[in-house]
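Colleague: Could you take me through one part of this model up close? I'd like a single helix, with its surroundings and the terms spelled out.

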Amino acid sequence: ESNNDHRYQYTYDLLTLIIEATNNDFGVGTIQISDVVMSRNRIFRGLLEGKTVNVIAEASNSQWDEQLIPIKIPIRKGIQGFRVFIIKKQNLPIMANINTLAQLIALDTGSGSQWSSKAAMQNAGFNVIESIQYDNLFNMLSMGRFITFGRGVNEAFQEVEQFKQQYPDLVVDDNILLHIPLATYYYVAPNQPRLATRIQEGLKRIIANGKFDELFYRRHCEFLLK
């Protein structure tokens with residue numbers, strides 16, 4: 001969603017393993033990463049057309065499940081649904097005194113306008129302050145537009161490090177974890193059924209031979225331990 005957005009690198013590297021695992025029976029394939037910055041909705045439209053992009057990994061939602069080809073194997077093992085909160089350092093005492101969901105809901109929270117997690121937060125009763133721009137959410141948090149910014153454990157620590165020069169006042173809260181069931185799937189353009197079959201078959205193979213777990217834990221153990 002911006003040049004500062006590195007959340008997808010794991011999904012690209014995993015897809016490389018999937019393609020390599022299926023070269024013999026599907027033909028030699030390579031991955032080309034689009035250099036166009038796109039919002040979630042623009043990516044969806046691009047997948048429907050099947051021209052600018054033909055596969056991406058995203059948190060599941062019903063529209064994508066119905067209109068694209070989902071590969072329903074959760075490639076992040078659900079950890080994106082374990083939400084910790086990026087906050088301003090000065091608000092650490094506020095989070096330390098929260099003991100109930102109602103107290104957490106009373107705090108304004110931030111989210112991308114087109115993120116799957118936004119709907120879940122709104123349905124739970126949170127007042128969600130939105131932005132369509134990824135980078136802007138960190139600026140809004142630093143400016144006090146909202147108190148909490150929920151991120152998957154696979155995202156939060158990397159993002160605080162990524163933006164620490166611009167926003168040195170941002171930290172990951174270590175008191176509260178919110179669980180939202182959230183699976184990340186590969187979604188394939190409807191005009192690419194053979195690619196969808198290849199990704200599903202390749203994913204099953206690297207799960208069976210252990211390469212999936214090796215990559216998953218190499219990339220995520222540090223954040224899970226934190």
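Modeller: Sure, and one cut-off first: contact here means heavy atoms within 4.5 Å. This is a predicted model, so local features need pLDDT of at least 70 and side-chain atom pairs count only at pLDDT 80 or more, while totals for chains, interfaces and linings use all residues. Residues are numbered from 1 along each chain as its sequence is written, and side-chain values use heavy atoms, with hydrogens and water left out.

Let's take α10, residues 193-208. Helices (H or I, at least four residues) and strands (E, at least two) are DSSP runs, numbered from the N terminus. With 16 residues at 1.5 Å a residue, α10 should span 22 Å, and its end C-alpha atoms sit 23 Å apart, which agrees; the expected span is 1.5 Å times one less than the number of residues.

Now the sides. Leu195, Ala196, Arg198, Ile199, Gly202, Leu203 and Ile206 of α10 are buried. They cover an arc of only 160° around the axis, so they're on the same side of α10; that arc is taken from the directions from the helix axis to the C-beta atoms. Buried means under 20% relative accessible area, exposed over 50%, partly exposed in between (1.4 Å probe, protein chains only). Arg194 and Ala208 are exposed, on the other side of α10.

What do the buried residues of α10 pack against? Their partners are the helices α1 (9-21), α2 (23-26) and α11 (211-225), plus the strands β1 (55-59), β2 (69-71) and β9 (184-188). After α10 comes Gly210, with a positive phi near 90°.
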